[in-house]
There are 2 protein chains.
Amino acid sequence: MATPLDPRTGLPVVAMVGGGQLARMTHQAAVALGQSLRVLSAGPDESAALVAADVHLGDHRDLDALRDVAEGAAVVTFDHEHVPIEHLRALESAGVPVAPGSGALVHAQDKLVLRRALAAAGEPQPAWAEVDTLTGIADFAGATGWPIVLKTPRGGYDGRGVFVVPDVDEATALLERHGTLLAEERVVMVRELAVQVARSPFGQVAVWPVVETVQRGGVCHEVLAPAPGLDEHCATAAQELAIRIADRLGVVGLLAVELFETADGVLVNELAMRPHNSGHWTIEGARTSQFEQHLRAVLDYPLGATTMTAPVVVMANVLGGAAAQEGWNGPCLDERVHHFMAHWPDVKLHWYGKGQRPGRKLGHVTALGSDLPEVRARATAAARYLAEGVVDPAFAFADEHRVADEH
Amino acid sequence: MATPLDPRTGLPVVAMVGGGQLARMTHQAAVALGQSLRVLSAGPDESAALVAADVHLGDHRDLDALRDVAEGAAVVTFDHEHVPIEHLRALESAGVPVAPGSGALVHAQDKLVLRRALAAAGEPQPAWAEVDTLTGIADFAGATGWPIVLKTPRGGYDGRGVFVVPDVDEATALLERHGTLLAEERVVMVRELAVQVARSPFGQVAVWPVVETVQRGGVCHEVLAPAPGLDEHCATAAQELAIRIADRLGVVGLLAVELFETADGVLVNELAMRPHNSGHWTIEGARTSQFEQHLRAVLDYPLGATTMTAPVVVMANVLGGAAAQEGWNGPCLDERVHHFMAHWPDVKLHWYGKGQRPGRKLGHVTALGSDLPEVRARATAAARYLAEGVVDPAFAFADEHRVADEH
């Protein structure tokens, strides 16, 4: 089947299900490629709906809404993993190109399906078991020791649906609430890493350097690219692991592989099959961003170069903080953006246009340079200021950060 | 007056008059800043209208359309210079912030007004005269020698409205057609340069490195950043000239100063008060792009760093060529984009989504690196392929351009 082209531009239309910040940033990338992302958004004020020209309002669980957004699009892809798999199969049966396909995406939707697939492939992962009885949990913990980690197989993200369980009493409550669970050993880890790889239907892959993700409470706060101090052998092994998984699962588009680094190597934690928070640094930090690459991959275009544009790149998330609380009487967002720009003229802002709520991912900032402590301090202080309205003392008179070439 | 903020985002709305590629790329930059550019577009299929969420359809010569797009916006700015100055004055009288203001913009609209202002400021420019009689033209040419350059004071761009006139006969025809003309000496130049500077209402300025613009038939084909071989003293002098002009004319937003480099220094050719083709390289090539900087400047935000991200950056325009002709039976645009990506995985594409016509600016590409001949060859070959569907033999088997980190 020939790719349908927009008669106005002579180029294909990509439809993305979900109107969050990933769709918003994918639209930005689409603009450069001569395209305009079509977005299925739950409401008119979602992050992507505020900036995209071609917005369909509807729910991702509504098959008719999915059929509508797919009409005339070259491919349907996703801003999140929550589209029911039976709806994806229905679209595929009707001949709609879906990327990643249902057969791949289920591994990002269901952690038990992922564990089974990785076990079958012999890839490194934590000790795990599917448990639906207290006896099963006790047996598993008997082998690995308490505490164990219990996860709901579906629906969790940003630390939700993940429980560190110290004893059988807490396990009882979770089992009653959730039924079947995934039990995992609590991994003694050095840190968390992530690898992002893009794969096209043709089978071309492109992988970015391995990054370190700094998590707090299961939520990503910072990404350091490349992962500091990771030796070349380990980095290559992690990239090869990500490529093998992408190939084996038949991923089309972006795959983020979240890893635990341990004393003995890496273990696979989770997968995401879409642009991912661990890849936001690529917008400025790599020759091809994850968002452009995702579009290239799902359209079966050749992939772009993934070389870094600076020796060190740090991305820091802006999570709703003090300034997002009810009754905040410090500087408003517009004022904070002014001060951010004055303090850090070389830190790049990405603000998602979302309503401010504590803990919510509202934006991110990216700093580039050559000295990790300096770059990291700049990114985290800038993100903290946007979230909390507080300037770190170290940056209160940061006159070394002047506008270059300014007279 | 407090800046009006969009209640959905807590951030200001910038309205841009004109729906061309400059508005399209400004919208991309707005997305990162948490904003969504409001665009006044002549039609629904204009370059920016295809990608922006907040599009008002209307004519830039219609005061009611201008009032409509200004409603609730923090500031009104421009994708082109063609808004009647009396309309700008009417908006200003009604309290609408307009950037650049009418008092500045008239210098980009009317070449005679510019010449008078530069003369009053003592800035270097070609010998010139306002002429409306054959005697006047003959007197001017008597002093400078034939050929002379005759320009319509208003409405010209991309070489339109500029005539190299060899003798009095041709001058006669132009005078009959246009009435008052600007006569200029034909400058013996080394090459053309451009400087871009941003200025905020507060008076902060930020200037990018001086670039060389490679023109053919009055149309920009390539931009080389920084201008090759320009000594530091000349570069600084050109930057200072641009800053003086921005200050003196009270420019708010981007100012592009087009210069002739001669054996004796630089002369001011023309001004543009908006993002400009000579600054497209800044999207990937500078820490802050001209589009982001224009938004920051018109909003009176602090300006961003203008440092280059690579030693050499080359932008090449894609002008409608053989592939835009009627009856073209080579690869269609979508196929050409495929081949472009396969050949040049590290060259960045910016396609404007416009209908393809010979000579029309359809997009541009940007290459980065450290060796000017190599970077330039890559950019120009890629642009030529997109325009003509022809691969330069030197690039037919360019297997050195592989996807980095690809396995």
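This is a chat about a predicted model with chains A and B.

User: Hi! How are chain A and chain B related by a turn and a shift?

Analyst: Hello! This is a predicted model, and in it a turn of 180 degrees with a shift of 0.0 Å along the axis lays chain A on chain B with an RMSD of 0.0 Å. The two copies are thus related as by a two-fold rotation axis.

User: Which residue of chain A comes closest to that rotation axis?

Analyst: That would be A53(A), whose C-alpha is 2.2 Å from the axis.

User: And how many residues are in contact between the chains?

Analyst: 56 residues of chain A are in contact with 56 residues of chain B. The same surface serves both copies, since 100% of the contact residues of chain A recur in chain B.

User: Which elements of chain A give two or more residues to that side?

Analyst: On the side of chain A that touches chain B, those elements are the helices α1 (21-32), α8 (232-249) and α11 (333-343), along with the strands β10 (205-207) and β16 (348-351). The most comes from α11(A), with six residues.

User: Nice. How does that side divide by class?

Analyst: The side of chain A that touches chain B has 31 nonpolar, 15 polar and 10 charged residues.

User: Changing topic: what domains is chain A divided into?

Analyst: Chain A has domain 1 at 14-98, domain 2 at 127-185 and domain 3 at 191-395. Between the C-alpha centres of domain 1 and domain 2 of chain A there are 34 Å.

User: I'm looking at α6 and α7 of chain A. At what angle do they cross?

Analyst: Helix α6 (residues 134-144) and helix α7 (residues 168-178) of chain A cross at roughly 140 degrees, and their axes come within 10 Å. Angles over 145 degrees would count as roughly antiparallel, and α6(A) and α7(A) are therefore oblique to each other.

User: Is that crossing left-handed or right-handed?

Analyst: The crossing of α6(A) and α7(A) is right-handed.

User: Which residues meet there?

Analyst: From α6(A) there are L134(A), I137(A) and A138(A), and they meet V168(A), A171(A), T172(A) and L175(A) of α7(A). By class, this contact of α6(A) with α7(A) has six nonpolar residues, one polar and no charged ones.

User: Over to chain B. How do α1 and α10 pack?

Analyst: In chain B, helix α1 (residues 21-32) and helix α10 (residues 290-298) have axes 8 Å apart and pack at an angle of about 70 degrees. They are therefore roughly perpendicular to each other, and α1(B) passes α10(B) in a right-handed crossing.

User: What residues meet in that pair?

Analyst: On the α1(B) side they are M25(B), T26(B), Q28(B), A29(B), A30(B) and A32(B), and on the α10(B) side F291(B), E292(B), H294(B) and L295(B). The contact of α1(B) with α10(B) divides into six nonpolar, three polar and one charged.

User: Now the backbone. Is the peptide bond from W146(A) to P147(A) cis or trans?

Analyst: The bond from W146(A) to P147(A) is cis, with omega near -10 degrees. P147(A) lies in the loop between α6 and β6 (148-151) of chain A.

User: And what about A99(B) to P100(B)?

Analyst: The peptide bond from A99(B) to P100(B) is cis too, with omega near -5 degrees. You'll find P100(B) in the loop between α3 (85-93) and α4 (102-109) of chain B.

User: Last one: what is phi of D300(A), and where is that residue found?

Analyst: Phi of D300(A) is near 60 degrees, a positive value in a residue other than glycine. D300(A) is in the loop between α10 (290-298) and β15 (312-319) of chain A.

Terms used:
Residues are numbered from 1 along each chain as its sequence is written. Chains are lettered from A and ligands numbered from 1 in the order in which they are written. This is a predicted model: local features need pLDDT of at least 70, side-chain atom pairs count only at pLDDT 80 or more; totals for chains, interfaces and linings use all residues. Copies are superposed by least squares on the C-alpha atoms of residues with pLDDT of at least 70 in both. Two residues are in contact if their C-beta atoms, placed from the backbone, lie within 7 Å. Domain bounds come from an automatic or database domain assignment. Axes are lines fitted to C-alpha atoms, for helices over the stretch in contact, and angles run from 0 to 180 degrees between N-to-C directions. Helices (H or I, at least four residues) and strands (E, at least two) are DSSP runs, numbered from the N terminus. Angles under 35 degrees count as roughly parallel, over 145 as roughly antiparallel, 65 to 115 as roughly perpendicular and the rest as oblique. A crossing is left-handed if the near helix is turned anticlockwise from the far one by less than a right angle, and right-handed if clockwise. Ala, Val, Leu, Ile, Met, Phe, Trp, Tyr, Cys and Pro count as nonpolar, Asp, Glu, Lys and Arg as charged, and the others, Gly among them, as polar.
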